[in-house]
Amino acid sequence: MNIITVKDAQEGGQKAFNIFKEALAADAKVFGLATGSTPITLYNALTASDLDFSQKISINLDEYVGLAPDNPQSYHYFMQQHLFNQKPFKTSYVPNGLAKDADAETQRYDDIIAANPIDLQILGIGRNGHIGFNEPGSPLNGKTHKVPLTQSTIDANARFFDNEEDVPRFAYSMGIGSIMTAKHILLMAYGENKADAIQKMVEGPVTNHVPASALQNHNHVTVIVDEAAASKL
Ligand code: GLP
């Protein structure tokens, strides 16, 4: 893993932006995207730039089960607000939170990933080491699946909802195996509450108790962390 330590999320977003720019210059076609507060500085840098994604494809990591695309808490909505409205892609894929048949939806998403190999995958990390919504215990070779969210993740994400009870209990997520097929993975983490997860991801054993530790087995991973998130390394 190539670890880049930055002063803050602002500088991290700029570094991540440069990696996006290099990927475009190298003719990358498919971008794996993530939600959460972490990638916002990157998306701000992208929307402020003159980069053009109108011939590119994006594939998002995950979506809450039960939320419509126009629900302000959905990841569809998040992506529209933070990136797609300003920088449309030719095609943007996000799991369908309202899909009636979970097996059909996860198969549909796996087919999309297989048909569009990801050149650059953006990741944040959960406080418990999850990536996408692959919670501790997820198989390291898993494909897209419907996952029950852990209480730690529900608590962490409750800040975006009016009440904790409103946080969906399930999500669709690309699997760790799907994420590992990306040619280049760029994980960002800011703040002290990510320090444990980052330490375990980088220095701990590869174990499905810390889903992000699987990245140790990938040959092209860039990690952008601020000093607080890097403090336990
Ligand atoms: C959610 C998302 C993850 C994200 C994580 C961290 O659980 N499913 O993709 O990495 O939150 O979010 P944040 O960046 O807000 O800390």
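**Exercise 1. Find out what holds on to the ligand in this predicted model.**

Start with Gly132: one of its backbone N or O atoms lies 3.1 Å from a nitrogen atom of the ligand. Next, see how much of the ligand is covered. On its own, the ligand exposes 390 Å², and the protein buries 94% of that.

Now look for ligand oxygens. A polar side-chain atom of His130 lies 2.9 Å from an oxygen atom of the ligand. Then go to Ile125, where a polar backbone atom is 3.3 Å from an oxygen atom of the ligand. Each of these pairs counts as a polar contact, because the cut-off is 3.5 Å.

**Exercise 2. Describe the ligand's surroundings: which residues come nearest, and how does the shell divide by residue type?**

Step one is the list of neighbours. There are 13 residues around the ligand, and the nearest are Ser37, Thr38, Asp62, His130 and Lys194.

Step two is sorting the shell. You should get three nonpolar, seven polar and three charged residues.

Step three is the space itself. The ligand takes up the largest pocket.

**Exercise 3. Take a look at Thr41: is this residue buried or exposed, and what does its side chain reach?**

First, place the residue. Thr41 belongs to helix 2, which covers residues 40-48.

Second, check the relative accessible area. For Thr41 the value is 15%, so the residue is buried; the cut-off for that word is under 20%.

Third, follow the side chain. From Thr41 it reaches the backbone oxygen of Ala9, at 2.8 Å.

Definitions and conventions
Residues are numbered from 1 along each chain as its sequence is written. This is a predicted model: local features need pLDDT of at least 70, side-chain atom pairs count only at pLDDT 80 or more; totals for chains, interfaces and linings use all residues. Side-chain values use heavy atoms; hydrogens and water are left out. A residue is near a molecule or strand if one of its heavy atoms lies within 4 Å of it. A polar contact is a pair of N or O atoms within 3.5 Å; within protein, one must be able to donate a hydrogen and the other to accept it, and residues adjacent in sequence count only if both atoms are side-chain atoms. Accessible areas come from the Shrake-Rupley method with a 1.4 Å probe; for residues, only the protein chains shown count as cover. On a 1 Å grid over the protein atoms alone, a cavity is a set of points where a 1.4 Å probe fits but cannot get out, and a pocket is an open set with protein on both sides within 12 Å along at least five of seven lines; lining residues have an atom within 4 Å of a point. A molecule sits in a cavity or pocket if more than half of its atoms lie within 2 Å of its grid points. Ala, Val, Leu, Ile, Met, Phe, Trp, Tyr, Cys and Pro count as nonpolar, Asp, Glu, Lys and Arg as charged, and the others, Gly among them, as polar. Helices (H or I, at least four residues) and strands (E, at least two) are DSSP runs, numbered from the N terminus. Buried means under 20% relative accessible area, exposed over 50%, partly exposed in between (1.4 Å probe, protein chains only).
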